[in-house]
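Q: I would like to learn how to read a model from its overall fold down to a single residue. Could you walk me through one?

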Amino acid sequence: MADDDHAQTWSAFNMTPAALRKHLDGAASREVGQKKDGDESTGHAMGRRILAIKDKKKADLTDDDYAAMRKVVGYVHRHLKQGGDARKDPDSPWRMSLMNWGHDPHTD
């Protein structure tokens, strides 16, 4: 993959590691999303993956890391088209789910 594509993918994430970590540690983040394995939602698990990716130096990111990031970008773009009235509620499940995936729609 070209370096320009990597830079564009990287720039799509708008939550800092500290903000994402704080969100993932909260109860609201664990209450939303489709449960896949046990009691953790797919989005919550991806949030932990995002933290692991963000803890790396950009030069150390693998193609698998970028594939995971592109998956997140796709999810975020699809999910942002939804929301309706939930967009106005800072505690809505819609927003909490997006934040699990590393994107806070209230900072756009």
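Q: What percentage of the 108 residues in the protein do buried residues make up?

A: Happy to start there. This is a predicted model, and 37% of its 108 residues are buried. A residue is called buried when its relative accessible area is under 20%.

Q: Which elements of secondary structure come in what order, from the N terminus on?

A: The protein has six helices and two strands. Reading from the N terminus, they run α-α-α-β-β-α-α-α.

Q: How do I judge the overall shape, and what radius of gyration does the protein have?

A: The idea is to set the value against what a compact globule would give. For 108 residues that would be near 13 Å, and the protein has 14 Å, so the two agree. Along the principal axes, its C-alpha atoms fill a box of roughly 40 × 30 × 25 Å.

Q: What share of the contacts with a separation of 6 or more comes from residues 24 or more positions apart?

A: Such residues account for 58% of those contacts.

Q: Now the surface: how much area does the protein expose, and what do carbon and sulfur atoms supply?

A: About 6,500 Å² is exposed, with carbon and sulfur atoms supplying 50% of it. As for charge, there are 18 positive and 18 negative charges, and their mean positions lie 1 Å apart.

Q: How do I read one helix, and which residues of α2 are buried?

A: Start with the geometry. An α-helix has 3.6 residues a turn, so residues three or four places apart point the same way. In helix α2 (residues 17–25), the buried residues are Leu20, His23 and Leu24. They cover an arc of only 95 degrees around the axis, which puts them on the same side of α2.

Q: Which exposed residues are on the face of α2 turned away from its buried side, and what covers the buried residues?

A: The face turned away carries the exposed residues Ala18, Lys22 and Asp25. The cover over the buried residues of α2 includes α3 (27–30), α4 (42–54) and α6 (93–100).

Q: Let us end with a single residue. Where is Met15, and is Met15 buried or exposed?

A: Met15 sits in the loop between α1 (3–11) and α2. Its relative accessible area is 5%, so Met15 counts as buried.

Q: Which residues is Met15 in contact with, leaving aside its neighbours within four places in sequence?

A: Met15 is in contact with Leu20 and His23, both of which are among the buried residues of α2. The other contacts of Met15 are Lys54, Met99, Gly102, His103 and Asp104. Pro105 lies 90 residues from Met15 along the chain, with 9.8 Å between their C-alpha atoms.

Key. Residues are numbered from 1 along each chain as its sequence is written. This is a predicted model: local features need pLDDT of at least 70, side-chain atom pairs count only at pLDDT 80 or more; totals for chains, interfaces and linings use all residues. Side-chain values use heavy atoms; hydrogens and water are left out. Helices (H or I, at least four residues) and strands (E, at least two) are DSSP runs, numbered from the N terminus. The radius of gyration is taken over C-alpha atoms; the globule rule is 2.2 Å times the number of residues to the power 0.38. Buried means under 20% relative accessible area, exposed over 50%, partly exposed in between (1.4 Å probe, protein chains only). Contact means heavy atoms within 4.5 Å. Accessible areas come from the Shrake-Rupley method with a 1.4 Å probe; for residues, only the protein chains shown count as cover. Lys and Arg count as positive and Asp and Glu as negative; His and the chain ends are not counted. The place of a charge is taken as NZ of Lys, CZ of Arg, CG of Asp or CD of Glu. The arc is that of the directions from the helix axis to the C-beta atoms.
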